[in-house]
Amino acid sequence: SGLLMVAYMDGKDHTLKLSVNSDPNANGIWSTYSVDATGVAGTCLSLANMEGHPAISYYDYVAGNLKYAWNANTDGSGQWSISTVYSVPGYEVGQVNSLIALNGCPAIAFHGYEYANDLMFAVCDSADGTGNWQYAVVDSAGNVGKWLSLATVGGKPEIAYYCSDTGDIRLAVNSESDASGVWTYLTIDTI
C-alpha cells in the first residue's frame, strides 16, 4: 500500500497498537490506532500485509492464547476484526509466532508453549480471520519452535526454527502451496 506501518504493544496501557506513516521514508505524520485494548494484548507479535490490509498475529497474555487482527481499511484506520486463532483452556499457546499471507489468507507458525512444546501451524480460509482455521503439528520431536520464522519459498510455506532440546536449527517444508500437504523437516545445523 506504500504506507510504513509499525505494530507494537504500548507498555503503559498494555494495548496493541498500529502506527502508520503515509511516507515510506517516515517523513510524514504518524497516525496511531488502537487494535486490541483487552487485557495485555500484543506481546510477541507479527505484522503482515494481507491483500493490502494490515494484519497482526499476537499473543494475549491474560487469556494465554494466540490471536489475529485484520483491519477493514488499507491504512489501518477502520474497524479491526479480532479472532482467537488457537486456545487451550489452562495453557499458554502462541507466545512465539510468525504471520504471512498464504494465497491471500493468514498463515501462522507458532510454538505450543505450555500446552505442547510442538511447532504448530494454522491457516484460515478468509483474509479477515473470521473463517475456518485449520491446524497442524509441524514437528513434535523435542521442544521445538521457540524461535521461528515463516515464509513462502517457491510458493510453499517453510518454517525455520530451533529445537532447544538438541540445539538443532531445522527447516520444515509443506508439500503443497496451500499448506494442505505433508510437513517434512530437516536439520540444517546443530549449535
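Two strands count as paired if DSSP finds at least two bridges between them. Strands themselves are DSSP runs (E, at least two residues), just as helices are runs of H or I with at least four residues, and both are numbered from the N terminus. What you're looking at is a predicted model, where local features need pLDDT of at least 70, side-chain atom pairs count only at pLDDT 80 or more, and totals for chains, interfaces and linings use all residues. Residues are numbered from 1 along each chain as its sequence is written, and side-chain values use heavy atoms, with hydrogens and water left out.

Let's start with strand β9, residues 105-111. Seven of its seven residues are buried (under 20% relative accessible area; exposed is over 50%, partly exposed in between; 1.4 Å probe, protein chains only), so β9 is largely enclosed by the rest of the structure. One side has Cys-105, Ala-107, Ala-109 and His-111, the other Pro-106, Ile-108 and Phe-110, and all are buried.

Now for the strands that pair with β9:

| Strand | Residues | Direction | Bridges to β9 | One bridge pair |
|---|---|---|---|---|
| β8 | residues 97-102 | antiparallel | six bridges | Ser-98 with Ala-109 |
| β10 | residues 119-124 | antiparallel | five bridges | Leu-119 with His-111 |

β8 and β9 make a hairpin with two residues between them, and Asn-103 in that turn has a positive phi of about 55 degrees.

How many disulfides (pairs of cysteine sulfur atoms within 2.5 Å) does a search of the whole structure find? Zero. Cys-105 is in no disulfide, and the nearest cysteine sulfur, in Cys-124, is 6.6 Å away. Cys-105 is buried, at 14% relative accessible area. For Cys-44, the closest cysteine sulfur is in Cys-163 at 19 Å, too far for a bond. Cys-44 counts as partly exposed, at 40% relative accessibility.

Methods
A disulfide is a pair of cysteine sulfur atoms within 2.5 Å.
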